[in-house]
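Here are my notes on the model you sent, set out as numbered points. Please read them with the structure open beside you.

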Amino acid sequence: AKSVTVRLAIKPWGEVYVDGKKVGITPPLHKIKIPPGKRQIVVRNGDFLPYRATFDIRPESLLQISHQFDK
């Protein structure tokens, strides 16, 4: 199956995890490629509550995750 591109718009920054595995820090990361299927995405930033979302990603889908960690 083809990977799906997920665009990231996280402010000010976040550590990105897909299915429990760290894939990088945004920024500088602005997009990730993940396999289709049911995926859990978590974005962490220090002491803030993490952003968590579960997506059923279809091969042709285009996904953008936007989140702002409040001060």
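1. Two strands are said to pair here if DSSP finds at least two bridges between them. By that criterion, strand β2, which covers residues 14-18, pairs with β3 in the antiparallel sense over 5 bridges. Please keep in mind throughout that this is a predicted model.

2. Within this pair, Val16 stands opposite Gly24 in β3. The hairpin of β2 and β3 has 2 residues between the strands, and Asp19 in this hairpin takes a positive phi near 50°.

3. Taken as a whole, the sheet is an open one of 4 strands, which follow the order β3-β2-β5-β6 with antiparallel pairing. Its edges are formed by β3 (21-26) and β6 (51-57), each of which pairs on one side only, and from one strand to the next the twist averages 25°. As general background, strands of a sheet pair through backbone hydrogen bonds, either parallel or antiparallel.

4. At the other end of the strand order, β5 (residues 37-44) is joined to β6 by 7 bridges, again in the antiparallel sense. Here Arg39 is the residue that stands opposite Phe55 in β6.

5. The loop between β5 and β6 contains Asn45, and one may ask whether Asn45 is buried or exposed. Asn45 counts as buried because its relative accessible area is 4%, whereas the cut-off for that term is under 20%. If the neighbours within four places in sequence are left aside, Asn45 is in contact with Pro12, Trp13 and Phe69.

How values were computed
Residues are numbered from 1 along each chain as its sequence is written. This is a predicted model: local features need pLDDT of at least 70, side-chain atom pairs count only at pLDDT 80 or more; totals for chains, interfaces and linings use all residues. Side-chain values use heavy atoms; hydrogens and water are left out. Axes are lines fitted to C-alpha atoms, for helices over the stretch in contact, and angles run from 0 to 180 degrees between N-to-C directions. Buried means under 20% relative accessible area, exposed over 50%, partly exposed in between (1.4 Å probe, protein chains only). Contact means heavy atoms within 4.5 Å.
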